[in-house]
Amino acid sequence: WLIVSGVGIMAGLWAGLIDIGTEWMTDLRSGICPQQFWLNKKACCWSSNQTTALGDCPEWLNWSQVFGIVPTSSSIFAFEYFVYVFVSVIFGYFAAILVRELAPYACGSGIPEIKTILSGFVIRSYFGKWVLLIKSLTMMMAVSAGLSLGKEGPLVHVACCCGNLLFRLFPKYHRNEAKKREILSAAAAAGVSVAFGAPIGGVLFSLEEVSYYFPLKTMLRSFFSALMAAIVLSYVNPYGNGHLVKFEVSYDNTWHLFELIPFILLGIFGGLYGGLFIKCNIMWSNFRRKSALSRFPVTEVVVVTLCTALLSFLNPYTRENTSQLIQHLFQQCDQSDSTPLCNYINNGSYVINANDRVNFPTLPAGPQVPAGLFIPSMAVGACFGRILGVAMEQWYYYNPDIFFFKLACQPGRVCIQPGLYSMVGAAATLGGVTKMTISLVVIIFELTGGLQYIVPIMFTIMTSKWVGDAIVKGGIYDGHIRLNGYPFLDSKGEVEFTTIASEIMQPRKRNTLVSINYDGNTVGSLFDLIEDCPYQGYPIVYSNESQQLIGFVTRKDLKYRLEFALRTISNVSLESKVFFSNKISGQHGLSPVQLEDIVDLTPLQITLETSFDTVLDIFRMLGTQKILVVHKGRVMGIITKKDILRYIAASTDQDPGAIQFH
């Protein structure tokens, strides 16, 4: 409980710093507060009595004012255009170069890797302190550069890095993989909590999307961690308005039954967009990996940033970051509202241009810098939903006598809310891309605070998932897990086979399993075994003839201890004997090497006749990497997660040899 509360507190503080830093860097593209340069535009104009409707004030200076540009419309526009593009490219360049040179694991959102690690696979240094620092800094740079990337997905990775730093302080948890995965599940919940201001949605996200095994105690600790993270972020108040998320909104009017039809249309659009996006994203990522683009990742980010900035400056909505665009699209319009978004004569061009901006850079730039898919996906759906909402509103305005309008709408009161359509469209596209369902409904509910909108949101998200599943199975994170070749067994999938363990294990019948006798070995013979048979581990047996199992030793531990003994212990050479028990026989002139402390004396064991379903459940629930197959105490073979995946591929008409594991 102490660790998960610490994770929540640290994640809340870290997320607050990232939000504040992102706002400041984003405003640097347009100007600066000379008297207090560390303030963003909103904070700079906070106490000014001359703040305009657009948020400008005398204390905030645009770059043309700072450099004394001649006040003509063309010269000011050209100079501010240049500075906007220049600062964006600088941010994009440094984000890419820092990730490439200092922390390659800081790229992407990190959610596919977190899912894989929570399933029992080990990716060393993925939650290191350098990854935390570089990802936090470059995340702010990438978003401030104007790329259509979100920081919400990477915040999950950041929270898990915080969890890793904390449980390393406690040896009891640092050496226990099960406890470690439990804390990482709680950290993932805290990450979503600070990303969307949705602690309950964070717990459900960890349950539905990330965690492999989620018992009741993990759920309670995840809830507590998410709660602490939300409380701390609320105290930090990064946006100065009491909201945890920039686009947090509140709708007061209810929805009408006839609106289920346009909501279902939004769900169909979200499913189509999500399915096509996943296919295109995986195809582009595969192409990048095999083409010359893989040798120039920094150049790719700079080019995409340059093109994005050149196009974005021309539109006042795309000039802001994507979260601010969503905030504008979610807002409601009334008769006194004079903002361009509520000017329906020009509204279409604004929204369509915004949609083009969101679609353009999402595919190319993602994997080279910290990049989340939540915000870009929501922005696409918000744009389309706003268009549909305005169309429905205008239809009602010019045709109020249509029977379903007359039955549902009251004269003089708001009937159609374009902002609500925008919010539902955002949920539809995010559901189509990630294939989230329950957790997404709760996240949207916590964002809007409108319990009455649960039914249309559920309709839309389920429609989006059904349509998306018809195009491609699994979400974007599952696609990248397959693309990267991670040994991940989907805990939600249903597999029906009638085979038994003896048909899956390695080696197959009539072949001999590579094992190590508990005595009679030398340092040199074990080094030869490691070189000739580079497996991840070896069973320890009494003798090659009996194959009676004693335990299991990993290749990494064995190699490290042998090299350490050669370096540090006197009279140890390649001829020194190695013992895996505390019974040591004498050896004239040479010191023996004792390694009983690295032997796992209780490895998971099953029999030859164990059913495939049972083997699969053991891997899924325990997150183990290997199981030993024994018969009357004799070790007969070993089953790894990769063997399971290859068997499933071969049984479903796929080529098991084409599956590569990195």
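Student: Is Cys160 buried or exposed?

Tutor: This is a predicted model, where local features need pLDDT of at least 70, side-chain atom pairs count only at pLDDT 80 or more, and totals for chains, interfaces and linings use all residues. Residues are numbered from 1 along each chain as its sequence is written, and side-chain values use heavy atoms, with hydrogens and water left out. Buried means under 20% relative accessible area, exposed over 50%, and partly exposed in between (1.4 Å probe, protein chains only). Cys160 has a relative accessible area of 0%, so the label is buried.

Student: Why does Cys160 form no bond with the closest cysteine sulfur?

Tutor: A disulfide is a pair of cysteine sulfur atoms within 2.5 Å. The closest cysteine sulfur to that of Cys160 sits in Cys161. That is too far for a bond, because the distance is 7.2 Å.

Student: Which cysteines does a disulfide join?

Tutor: A disulfide is a covalent bond between the sulfur atoms of two cysteines. A search of the whole structure finds one disulfide. Its S to S distance is 1.7 Å, and both partners are buried. They are Cys409 and Cys415.

Student: What is the relative accessibility of Cys383?

Tutor: Cys383 counts as buried. The value is 0%.

Student: How many aromatic pairs does the structure hold?

Tutor: Rings of Phe, Tyr and Trp (its six-membered ring) pair if their centres lie within 6.5 Å. Planes under 30 degrees apart count as stacked, over 60 as edge-to-face and the rest as tilted. The structure's total is 26.

Student: How many residues apart are Phe258 and Phe404, a pair that links distant parts of the chain?

Tutor: Their rings form a tilted pair, 5.4 Å centre to centre with 40 degrees between the planes. Phe258 lies in the loop between α11 (216–236) and α12 (260–290), while Phe404 is in helix α18 (residues 403–408). Helices (H or I, at least four residues) are DSSP runs, numbered from the N terminus. The separation along the chain is 146 residues.

Student: Is Phe258 buried or exposed?

Tutor: Its relative accessibility is 14%. Phe404, at 22%, counts as partly exposed. Phe258 counts as buried.

Student: Why is the pair of Trp284 and Phe287 called stacked, edge-to-face or tilted?

Tutor: The ring centres are 5.6 Å apart. The planes stand at 45 degrees, so the pair is tilted.

Student: Which helix holds both Trp284 and Phe287?

Tutor: Trp284 is partly exposed at 27%, and Phe287 is partly exposed at 45%. They lie three residues apart, about one turn of the helix. That helix is α12.

Definitions and conventions: Helix = DSSP H or I, 4+ residues; strand = E, 2+ residues; numbered from the N terminus.
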